[in-house]
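Welcome! Open your viewer, get ready to select a few pieces one after another, and let's take a walk together.

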Amino acid sequence: MSFERHTLGRQLQNRLTPAAAAFPSRRRQAYRAVAGLTILAVLAAAPLLSSGYVLQLATDILTFVALAYSWNLISGFTGYVSFGQVTFFGMGAYATALMVLHTPILWYMAIPIAVLLAGVAALLLGAVMLRLRGIMFALGMLGLARILAVVAANWSFAGGAVGLTLPAELTPIAVYAGTWAAALFAFGLNAFYMRSGLGLSAMSVRDDEGAAAALGVATGRVKILTFVLSALAPAAVGGLVAWNRSFIDPASAFDPNMDLQLVVFTLFGGIGTLWGPLLGTLVLMLVGEQLWAYVPELQLALYGGLVIVVVLAFPGGIVGLANRFGWLLRRPIFAPRLFPAAIVPPPAPPSRPSGETILEVRDLSVGFRGIIAHDGLSFSVQRGESVSILGANGAGKTTLFNAVTGFVIPNEGSILYQDRPVAGLAPFQRARQGIARTFQIPRLMESMTVWENVLLAAQHGRLSRQALEQTAWALHTTGLAPMWLESIARLTPGQQRRLELARALALGPTLVLLDEVMAGMTRDEQEEIRVVLRRLPEFGVAAVAGIEHVISAIADISDRMIVLDRGKKIAEGAPAAVLRDPIVIQSYLGEVR
Amino acid sequence: MPAPEPSATSAALVVDGVVAGIGSLTLLHDVSLEVEAQAVTLLLGANGAGKTTLMRTLAGLIAPRAGRIMLFGQSIGGLPPHLVARAGIGHVPSGRELFPRMTVADHLALGGRLCAPERRAALRERVLELFPAIAERLRQQAGTLSGGEQQMVSIARALMTDPRLLLLDEPSAGLAPKVVQSVFQTLPKLQSHGVSVLLAEQSLTFGFAVAKRAYVIRDGRIVLSGTSAELSANASIVKAYLGA
Amino acid sequence: MLVLQILINGLLLGGMYILLAQGLNLVFGVMGVVNLAHGAIITVAGLFTFWFATHTQLNPLLLLPVVFVAMLAIGALLQRSLLEPLAGIGRKSELLSLMITFGLSYVLVEFGLDVFGSQYVSLPNLQTTWSLGGLTINEALVAAGVLGAAISGALQIWLQHTDSGKCLLATSQNRIGAVACGIDVSRMRCIAFAIGSSLAAASGVLLIMVIPLAAQTADSLTILSFVVVALGGLGDYRGAVLAAFLLGITQSAVGYYGGGDAESVVPYLLFILFMILRPQGLGRAVQAQ
């Protein structure tokens with residue numbers, strides 16, 4: 001309900017939406033690269049030339065950098081907050097230690113193998129747990145860390161509660177180097193996500209998982225892959241820490257305080273950003289070093305309090321604050337420097353040997369929490385047709401679209417797309433096969449720019465030259481090119497609707513399902529949309545089905561109208577005839593006396 | 001549509017130039033209407049025309065972005081919904097919105113919290129007289145009732161708040177004609193108890209029989225208004241509805 | 001006879017678990033928030049009870065009403081300052097609330113550590129056992145289990161039979177209907193969290209008589225409570241009762257045959273099992289939030 005107007009809430013909403021950066025020039029990029037590498041080299045070398053204490057501190061900081069970036073990957077990018085990331089740290093520590101103790105495998109082989117094992121574990125865990133809602137996943141991970149701690153404490157082979165003492169073999173320098181490698185790897189993954197189709201897909205899962213699936217994003221695979229990747233660096237540093245300390249026990253391997261720390265560091269720096277984890281870890285660990293000497297008994301409380309303060313006051317963290325001054329802005333993914341001047345029309349969709357019937361619904365029955373939305377509904381949409389679906393109650397008609405796109409499983413009946421049943425296909429598969437839909441209330445990805453919203457649909461899972469061209473073309477066709485780098489919050493309702501259309505077009509669809517696309521639009525906005533709708537056949541769209549209440553806006557662009565009443569079809573035919581049909585009028589108005 | 005002259009003495013509700021919407025969408029554009037005191041006023045419109053959006057705005061669930069809403073001269077626009085209820089508006093939402101695992105008696109009791117204690121018992125009796133079907137089912141959980149019974153419970157609950165104005169949002173939705181008839185038969189009785197009613201309906205059949213004045217809403221705008229007699233004889237009402 | 005012993009222990013344990021869970025359920029049903037600080041509240045209350053009992057030599061059960069009332073005030077304060085600002089945000093509020101209660105739990109744990117130390121403590125008072133026809137019954141467990149079930153039952157009665165309780169129940173079942181009855185939903189959230197916290201504190205007072213507690217293991221109690229709630233179906237009170245008894249009996253049985261450590265793993269294993277097989281829990285499928 002929108003009546004709860006908390007201004008703080010609105011502020012938070014705005015701050016959670018990072019703005020887009022302007023594209024830096026080539027030369028600036030080169031400067032940045034050189035500066036970055038120089039700093040990196042200096043940072044890497046400095047502790048080596050300093051005292052053992054500094055080296056240890058640097059190693060500790062890097063450990064947390066690696067952990068924070070890994071946590072950022074799963075919790076920040078996909079939005080599936082994991083409170084038990086320390087699980088993989090512990091797994092890495094124990095796997096490494098056990099291998100070194102009981103097999104001839106040496107340290108530097110053991111750690112990569114432990115990383116591999118953690119990855120496999122993450123794969124299995126993710127397959128089970130990422131199907132759950134966000135809360136359940138978060139708590140499941142929390143519980144998992146505890147289970148493993150208990151198991152380790154009771155398994156004599158793993159040293160039980162006392163732990164394992166390991167041969168002291170390694171120099172702090174080697175550990176330092178190894179930790180650097182893990183931190184760079186984790187950072188690299190984040191950087192990769194920041195500019196890849198995978199990262200784009202992950203962010204769409206966070207913003208709106210359902211809409212993402214309707215746009216062809218394989219959300220399940222994206223989540224699991226991200227989860228697996230987020231397990232690797234923690235496992236590596238787990239092994240390294242065990243190495244460094246020559247000792248592990250359940251308490252230190254699955255230390256819940258470590259969990260708290262990496263959550264705080266990332267949140268404070270800016271969750272879901274590229275530099276946030278680094279900044280947060282650096283600042284808090286350096287401050288902490290000084291602070292804990294004075295108030296060791298307040299560490300947990302201060303960290304916990306900081307989480308609360310950050311969430312309430314500046315949920316974007318340091319990077320979020322910087323964004324407001326125009327610094328550290330995220331660069332839009334796969335966006336060219338300038339909007340392409342020459343627009344390449346899309347290639348025709350792959351021609352499937354298809355007949356005249358694009359969509360056929362047979363005897364469809366959908367029951368929804370006791371309400372029968374559809375009761376033996378049958379109709380078809382032929383090639384070249386634009387069919388409007390009117391009447392009945394709002395819920396019923398959207399349920400029809402949900403059944404066609406795979407979000408709802410019908411109780412009875414069947415749906416055929418291009419003469420083949422769609423049963424068994426996941427929503428993202430149906431989208432990739434050419435069924436596109438818009439939503440009653442636009443479901444746009446709020447943390448992405450206009451360009452990225454459309455690119456998400458165009459990429460079909462992989463970024464390519466063609467995806468870029470398709471995106472540019474879709475934006476150009478719907479008149480959104482001038483605002484291609486705007487954030488969603490700045491669009492007018494009419495522009496948002498057109499963006500939904502652009503997204504649908506970018507899929508290269510054969511069938512387009514429009515859900516009340518005219519709702520809430522002014523006359524002018526309606527006309528803008530009609531312009532696009534009339535041209536759909538040009539774009540390779542074979543058939544359009546639209547639910548609509550604003551009859552005046554679509555009567556003249558519909559070939560056929562179907563009127564539903566209480567889940568059944570009561571009229572079908574040319575618009576003029578249907579709108580004069582006494583049965584239809586009665587259904588709308590009751591008996592006119 | 002020009003705003004009707006606010007006749008302060010006989011208007012239970014005056015809506016003046018209200019603009020409202022959800023998220024970035026504006027669904028109501030400069031809506032003005034008047035609900036006469038102790039009478040039934042009809043709000044007609046097809047699906048998606050804005051009836052429910054208007055009713056929710058009047059009930060306080062949606063905050064208006066512009067315009068005024070005056071209940072017996074008291075401004076209620078912008079108040080949170082529980083205060084709007086306390087000001088004397090009883091809301092019977094479309095979709096009924098009952099408490100599925102609470103009994104019918106509970107619903108009446110919860111509504112009755114807003115009624116002055118000394119009037120409560122008598123009010124309850126009157127309400128149960130109006131809806132004898134639910135009087136037999138006081139111990140039953142609301143989620144197990146039939147559609148018609150649920151609608152009656154929803155209206156009864158709102159009546160128990162002892163409202164001065166009742167917002168009835170599509171009470172006939174999903175109900176068989178006979179059931180609708182029995183529900184609508186209660187409306188004239190409400191009038192005689194001093195309750196003003198704003199009835200949002202899609203169907204003309206029963207609406208015109210009970211209402212004096214009617215407004216037609218389409219695409220979030222009032223496009224027609226007049227007495228029931230005028231509008232029911234007017235052929236253009238079909239056009240106003242379907243917009244075609 | 002053995003079976004009876006296991007059963008009785010399990011039932012008593014279950015009685016205690018019900019109390020642990022209902023506070024969490026109430027908060028979730030009305031607010032849609034999972035309170036990660038739940039275990040910390042239980043632990044701090046338990047530690048405080050230990051301190052009280054050992055310093056004043058009074059019966060710790062006397063503390064029950066005091067702690068309950070005190071926590072009402074504290075809980076209300078926490079809700080108003082920390083959680084209410086998030087109420088209007090929409091989809092993201094679930095996870096943000098999770099983070100806030102996550103932070104809160106550590107603040108409380110720190111408090112517990114600083115004031116009460118990090119050692120495991122438990123109350124020796126009621127360690128007497130009765131022998132009843134061949135069965136050994138632990139007095140503390142009886143007190144905890146019976147009181148736990150009683151308090152939880154009182155909660156249910158309050159929810160279903162009093163005016164204020166019904167307002168809360170109504171809010172958790174349908175917000176639009178609730179405001180139509182003039183119910184101030186924001187106030188309901190505050191009350192729900194206050195009572196939820198009080199129930200947690202009350203269960204802490206009882207728990208310290210039965211098992212040892214320490215500040216640093218607070219979150220294992222959160223997980224335990226959450227497991228009961230999740231097994232029962234989030235927000236489902238009857239389901240939680242079933243789940244509590246199921247957990248209690250399973251733990252009792254496993255504990256007998258497998259030892260204490262196997263017993264402590266049972267909740268997590270049950271949780272994982274249910275998440276795979278029946279994510280909606282034992283009760284009905286619940287709230288549309």
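**Stop one: a pair of helices**

Start in chain A of this predicted model. Select helix H12 (residues 276-294) of chain A and helix H14 (residues 317-324) of chain A: they pack at an angle of about 115 degrees, and their axes are 8 Å apart. Angles of 65 to 115 degrees count as roughly perpendicular, and H12(A) and H14(A) are therefore roughly perpendicular to each other.

Now show the residues where the two helices touch. On H12(A), pick Gly276(A), Leu279(A) and Gly280(A); on H14(A), pick Gly317(A), Ile318(A) and Val319(A). This contact of H12(A) with H14(A) has three nonpolar residues, three polar ones and no charged ones.

**Stop two: two domains of chain A**

Next, colour residues 7-324 of chain A as domain 1, and 357-445 + 492-589 as domain 2, following the domain assignment. The centres of these two domains of chain A, taken over C-alpha atoms, are 45 Å apart. Their contact takes 13 residues from domain 1 and twelve residues from domain 2.

Which helix gives the most to the side of domain 1 of chain A that touches domain 2? Select helix H8 (residues 197-214) of chain A, which gives eight residues. By class, that side of domain 1 has seven nonpolar, four polar and two charged residues.

**Stop three: where chain C meets chain B**

Finally, display chains B and C. Chain C brings 16 residues to their contact and chain B brings 22 residues. On chain C, highlight helix H6 (163-173) and helix H7 (175-180), which each supply at least two residues of the side touching chain B. The largest share of that side, six residues, comes from H6(C). Colour the side of chain C by class, and you will find nine nonpolar, four polar and three charged residues.

Notes: Residues numbered from 1 in each chain as written. Chains lettered and ligands numbered in written order. Predicted model: local features only at pLDDT ≥ 70, side-chain atom pairs only at ≥ 80, totals over all residues. Axes fitted to C-alpha atoms, helices over the stretch in contact; angles between N-to-C directions. Helix = DSSP H or I, 4+ residues; strand = E, 2+ residues; numbered from the N terminus. Parallel < 35°, antiparallel > 145°, perpendicular 65-115°, else oblique. Contact = placed C-beta atoms within 7 Å. Nonpolar A, V, L, I, M, F, W, Y, C, P; charged D, E, K, R; others polar. Domains from an automatic or database assignment.
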